[in-house]
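Me: I should like to study this structure through a series of questions. Please let me see the sequence and the model before we begin.

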Amino acid sequence: VDAVPSVDRWRRNEARQVLMSEERILDFGGIIKGMAVDHVIKMLESAGVTGAFVQVGGETGVLGVSQRNMPYRLGIQHPTDETKIWTSLQASLKGMSLATSGNYRQPVMIGDQAYYHIFDPRTGRPVDTHVLSVSVLFPLTGRNGLADALTTAGAVLGPDVLPIVSELGGEALLLITDKDGAITEHRTKGWKDWERGHDGAN
C-alpha cells in the first residue's frame, strides 16, 4: 500500500486491513475471467454436458473431448509474432484449466517507453517488460480462477512463481527476454508432459 501513488487515499487499520476512500474502487480483472470460465464449466457439468471448450480472453476451461471424440489441443501464442504458436498442449480427458497472461498485450506508449496493464503492487508501477508471457495449467476443471491469479502473479514475480504453482499442483511456462533480446523458457518440471499429450494420446 505504501508504494501506491496517492497513498493518502489508502490506510491500514490496527487489524492491518487496507481501507480506501469512497471514490476508490477495486478492479478484479486479474481473476474475474478465470472465475467466469469456472462458473460456466460448472453449469455445463450440472446440465449433463460431457464435452466443452470455454474461453474468455486468455482463460480456457476444457471438459472431456471434442465433437470428433478427440482430446482438445490448445496453443500458446508466440509473444512477438501473432501469426505463430509458441507451443501446443493436449488436454487431459479429465479436463484442464489453462490461463495465459501476456505483457505483449495492451501496451501504452509514453514517449519511447512501453507500459503494460499489469502493475507491481510492491512499487505501484507497471511490471518489468522482460516477462512476456505467463501460462499456468491445472489438470482438471474448476481451477481457472486460481490459474488466472497465478499468471498475474507470475508477471510480477517472474520465475519465482514456478515453485508456488508446483506446490498448488499446477504447471507453468514463462517466456522471458534476456539482455540480448532472445526469448528464453522458464517452466515447471511437468510442463513438457502436456506438450506431448496425456491419457496415452500423442
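**Helix H1 and its surroundings**

Reply: The face of H1 turned away from its buried side carries the exposed residues His 39, Met 43 and Ser 46. Exposed means over 50% relative accessible area, buried under 20%, and partly exposed in between (1.4 Å probe, protein chains only). Helices (H or I, at least four residues) and strands (E, at least two) are DSSP runs, numbered from the N terminus. The model is predicted: local features need pLDDT of at least 70, side-chain atom pairs count only at pLDDT 80 or more, and totals for chains, interfaces and linings use all residues. Residues are numbered from 1 along each chain as its sequence is written, and side-chain values use heavy atoms, with hydrogens and water left out.

Me: Which residues of H1 are buried, and over what arc around the axis do they lie?

Reply: The buried residues of H1 are Gly 34, Val 37, Asp 38 and Ile 41. They are on the same side of H1, because the arc that they cover around the axis (taken from the directions from the helix axis to the C-beta atoms) is only 100°.

Me: Why do residues three or four places apart in an α-helix point the same way?

Reply: An α-helix completes a turn in a set number of residues, so residues three or four places apart point the same way. That number is 3.6 residues a turn.

Me: How far apart are the end C-alpha atoms of H1?

Reply: Helix H1 has 15 residues (residues 32-46), which should span 21 Å at 1.5 Å a residue. The expected span is 1.5 Å times one less than the number of residues. The distance between the end C-alpha atoms agrees with this: 21 Å.

Me: What covers the buried residues of H1?

Reply: The cover is judged by contact, meaning heavy atoms within 4.5 Å. It includes strand S3 (52-56), strand S4 (59-63) and helix H2 (144-157).

**Charged residues**

Me: Which side chain of opposite charge is nearest to Asp 148?

Reply: Asp 148 lies in helix H2, and its side chain reaches the backbone nitrogen of Gly 34 at 3.0 Å. Lys and Arg count as positive and Asp and Glu as negative, while His and the chain ends are not counted. Asp 148 is buried yet has no salt bridge (a side-chain nitrogen of Lys or Arg within 4 Å of a carboxyl oxygen of Asp or Glu). The nearest side chain of opposite charge is 6.2 Å away, and it belongs to Lys 33.

Me: Is Asp 120, which forms a salt bridge with Arg 122, buried or exposed?

Reply: The closest N and O atoms of Asp 120 and Arg 122 are 2.9 Å apart. Arg 122 is exposed, because its relative accessible area is 53%. Asp 120 has a relative accessible area of 9%, so Asp 120 is buried.

Me: What is the N to O distance between Arg 187 and Glu 185?

Reply: Arg 187 counts as partly exposed at 37% relative accessibility, as does Glu 185 at 27%. Their side chains meet in a salt bridge, with an N to O distance of 2.3 Å.

**A loop residue and the whole chain**

Me: What is the phi of Asn 69?

Reply: Asn 69 lies in the loop between S4 and strand S5 (73-77). Asn 69 is exposed, with a relative accessible area of 59%. Although Asn 69 is not a glycine, its phi is positive, at about 60°.

Me: How many of the 202 residues, as a percentage, count as buried?

Reply: The secondary structure of the protein chain comes to 4 helices and 14 strands. Of its 202 residues, the share that counts as buried is 38%.

Notes: A polar contact is a pair of N or O atoms within 3.5 Å; within protein, one must be able to donate a hydrogen and the other to accept it, and residues adjacent in sequence count only if both atoms are side-chain atoms.
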